[in-house]
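Trainee: Could you take me through one part of this structure slowly, please? I would like to see how its pieces fit together.

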Amino acid sequence: MLRIAVPNKGGLSDPAIRLLSEAGYRTRRRGRELHITDQSNQVEIFFLRPRDIAQYVGAGFIQAGITGRDLLADSGVKAEEVLALGFGSSTFRFAAPQGTMSSVQDLKGKRIATTFDRIVQDYLASQQVKADTVHLDGAVESSVRLGVADAIADVVETGNTLRAAGLEVFGEPLMQSEAVLIANPQATGSAGLQVLQQRLQGVLNARNYVLVDYNVHRDLLDKAVKYTPGISSPTISSLQDSHWLAVRALCKRSEVHAVVDQLHALGAEGILVTQLLSARI
């Protein structure tokens, strides 16, 4: 039975649970259960602290988990990222009082407050910068004002919290993070993990694509399929009226409205757009 860990709280928790649910796994809990068994899919799902997931997966107690790329990198364990999941995006940056620093070289000999010690230390080593890290479990933005540190390294989304604390980002990002599916190296290639990865990829594909159906005059087919080339090629079917054809193709969700406009202007009729639950492409 495959063991899967998901965050029990935080910004990654609800999207991770929703993704697994859309992939056909049982995720509904009775109250605040920390563990549920999905017998039909032969998986056990454990609800753990986001920062602990990589540790459990790396140690082999759990075969797969959903966590942040930054949390995996900071854990230092031997777990592999097997699939990027497209949510929970964030950027890891340095920040300091406005106008005081402009590059990573300005951090030499300084104190840097962070929750992600390993990421910061590895990055500084790659830049040949010697600085001290001060580990804090949260609210690192206040550390500079309190005199604990000269700068901070933290996840930055909008930057509003930094500005409120009188800080500004500088230098290049240390890391671009998002939610990822990770696995213990010994589980890679196992049947259960392959099914999990394929199901999640199918849901991600379905979120990025829609199915477009329309009828078009035979003389306009070549122009129409330029707008809807599909993945390999569109499906073309004959209609009772031999002058018309039915076309079906996958289309990127982000482009579909422009495509529908183009098809309508061309003279296509009966244009339908259908959302997908899963798509193995």
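**Strands and aromatic rings**

Mentor: Happily! Let's begin with one residue pair: leucine 211 has leucine 250 as its bridge partner in strand E14. Keep in mind as we go that this is a predicted model. That leucine pair belongs to a longer pairing, in which strand E12 (residues 209–217) and strand E14 (residues 244–252) run antiparallel and are joined by 9 bridges. Strand E14 has another partner too: strand E13 (residues 235–238) pairs with E14 over 4 bridges, again in the antiparallel sense. Serine 237, for example, has alanine 246 as its bridge partner in E14. Between E13 and E14 there are 5 residues, and the two strands form a hairpin. When you look at strands like these, remember that side chains in a regular strand alternate between the two faces of the sheet.

Where does this sit in the chain? In an unreviewed entry, UniProt lists residues 206–276 as "domain: Histidine biosynthesis HisG C-terminal". That span is 30% helix and 39% strand, and its end C-alpha atoms lie 5 Å apart.

Now let's compare notes with another span. UniProt, also in an unreviewed entry, lists residues 49–201 as "domain: ATP phosphoribosyltransferase catalytic". Here the chain is 28% helix and 31% strand, with 24 Å between the end C-alpha atoms.

Next, the aromatic rings. Searching the whole structure gives 3 aromatic pairs. In one of them, phenylalanine 92 and phenylalanine 116 have ring centres 5.1 Å apart and planes at 80°, so the pair is edge-to-face. The two residues are 24 apart in the chain: phenylalanine 92 is in strand E6 (residues 90–97), while phenylalanine 116 is in the loop between strand E7 (111–114) and helix H4 (117–126). Both phenylalanine 92 and phenylalanine 116 are buried.

Another pair is phenylalanine 94 with tyrosine 123: the ring centres are 5.9 Å apart and the planes are at 55°, so this pair is tilted. Phenylalanine 94 lies in strand E6 and tyrosine 123 in helix H4, so the pair ties together parts 29 residues apart in sequence. Phenylalanine 94 and tyrosine 123 are buried. Phe94 and Tyr123 also form one aromatic cluster with Phe170.

Finally, look for charged residues over ring faces. Arginine 51 lies over the face of phenylalanine 116, 4.8 Å from the ring centre. You can also find arginine 199 over the face of tyrosine 25, at 4.8 Å from the ring centre.

Methods. Residues numbered from 1 in each chain as written. Predicted model: local features only at pLDDT ≥ 70, side-chain atom pairs only at ≥ 80, totals over all residues. Heavy atoms only, no water. UniProt positions renumbered as here; feature names shortened; annotations may be inferred. Phe/Tyr/Trp six-rings, centres within 6.5 Å; stacked < 30°, edge-to-face > 60°. Buried < 20%, exposed > 50% of the residue type's maximum accessible area, 1.4 Å probe, protein only. Lys NZ or Arg CZ within 6 Å of the ring centre and 35° of its normal. Pairing = 2+ DSSP bridges.
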